[in-house]
Amino acid sequence: QVQLVESGGGLVQAGGSLRLSCTASGLSGSMYSMAWFRQAPGKEREFVGTISWSGENIYYADSVKGRFTISKGNAKDTVYLQMNSLKPEDTAVYFCASALTYGANRILIGRVSYDTWGQGTQVTVSS
């Protein structure tokens with residue numbers, strides 16, 4: 001059973017940076033698409049970005065493109081979300097998610113595609 005643990009959230013001023021980490025266990029040699037989502041108070045959980053198992057295919061939501069970067073560790077069991085030029089509207093709980101795929105370069109974008117979620121980490125950006 002896959003388990004995901006996020007870390008790295010915190011409080012930062014607008015314009016600052018944070019790096020979130022998501023460590024996966026239980027992957028058992030299978031291929032997974034990994035993604036980041038976020039949920040602000042009173043809002044739906046929204047897609048932030050996703051990375052394929054190979055790490056070669058990455059896709060971002062328009063709201064974070066050019067500011068956020070997703071990457072993977074060499075062992076493929078850790079995914080990072082580097083967040084630069086943070087804005088108050090980026091304030092949310094950030095969740096890591098995984099989904100079994102059958103292609104090293106395949107990515108999944110919709111929330112319903114992901115069946116395993118971390119507990120979330122709070123990111124607060126002050127103005």
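A disulfide is a pair of cysteine sulfur atoms within 2.5 Å, and that definition opens this tour of a predicted model.

**First stop: the disulfide**

Select C22 and C96, which are joined by a disulfide with an S to S distance of 2.0 Å. This pair ties together distant parts of the chain, since C22 lies in strand 3 (residues 18-25) and C96 in strand 9, 74 residues apart. If you look along the bond between the sulfurs, the angle about it is -75°, and the link is left-handed. A search of the whole structure finds 1 disulfide. Are the two cysteines buried or exposed? C22 is buried, with a relative accessible area of 0%, and C96 is likewise buried, with a relative accessible area of 0%.

**Second stop: the open sheet**

Keep C22 selected and add V79, which is its bridge partner in strand 8. Strand 3 and strand 8 run antiparallel and are joined by 6 bridges. Now widen the selection to the open sheet of 4 strands, whose order is 1-3-8-7 and whose pairing is antiparallel. At its edges you will find strand 1 (3-7) and strand 7 (68-72), each of which pairs on one side only. From one strand to the next, the twist averages 15°.

**Third stop: the loop after strand 8**

Follow the chain into the loop between strand 8 (78-83) and strand 9 (92-100), and select S85 there. The phi angle of S85 is near 50°, which is a positive value in a residue other than glycine. S85 is partly exposed, with a relative accessible area of 41%.

**Fourth stop: strand 11**

In a regular strand the side chains alternate between the two faces of the sheet. Select strand 11 (residues 121-126) and turn it until the two faces can be told apart: T121, V123 and V125 point to one face and are buried, whereas Q122, T124 and S126 point to the other and are not buried. Which strands pair with strand 11, and in what sense? Strand 2 (residues 10-13) pairs with strand 11 in the parallel sense over 4 bridges, and L11 has T124 as its bridge partner there. Strand 9, in turn, pairs with strand 11 in the antiparallel sense over 3 bridges, and the bridge partner of A92 in strand 11 is V123.

**Last stop: the salt bridges**

Side chains of opposite charge can pair when their charged atoms come close. A search of the whole structure finds 5 salt bridges, and three of them can be visited in turn.

Begin with E46 and R38, whose side chains meet in a salt bridge at 2.5 Å, N to O. E46 is partly exposed, with a relative accessible area of 35%, while R38 is buried, with a relative accessible area of 6%.

Next select R111 and E44, which form a salt bridge whose closest N and O atoms are 3.9 Å apart. This pair also links distant parts of the chain, with R111 in the loop between strand 9 and strand 10 (116-117) and E44 in the loop between strand 4 (32-39) and strand 5 (46-51), 67 residues apart. R111 is partly exposed at a relative accessible area of 39%, and E44 is exposed at 63%.

Finish with K65 and D62, whose side chains meet in a salt bridge at 3.1 Å, N to O. K65 counts as partly exposed at 47% relative accessibility, whereas D62 counts as exposed at 65%. As a closing selection, take R38, E46, R67 and D90 together, which salt bridges that share partners join into one network.

Key:
Residues numbered from 1 in each chain as written. Predicted model: local features only at pLDDT ≥ 70, side-chain atom pairs only at ≥ 80, totals over all residues. Heavy atoms only, no water. Buried < 20%, exposed > 50% of the residue type's maximum accessible area, 1.4 Å probe, protein only. Pairing = 2+ DSSP bridges. Axes fitted to C-alpha atoms, helices over the stretch in contact; angles between N-to-C directions. Salt bridge = Lys/Arg side-chain N within 4 Å of Asp/Glu carboxyl O.
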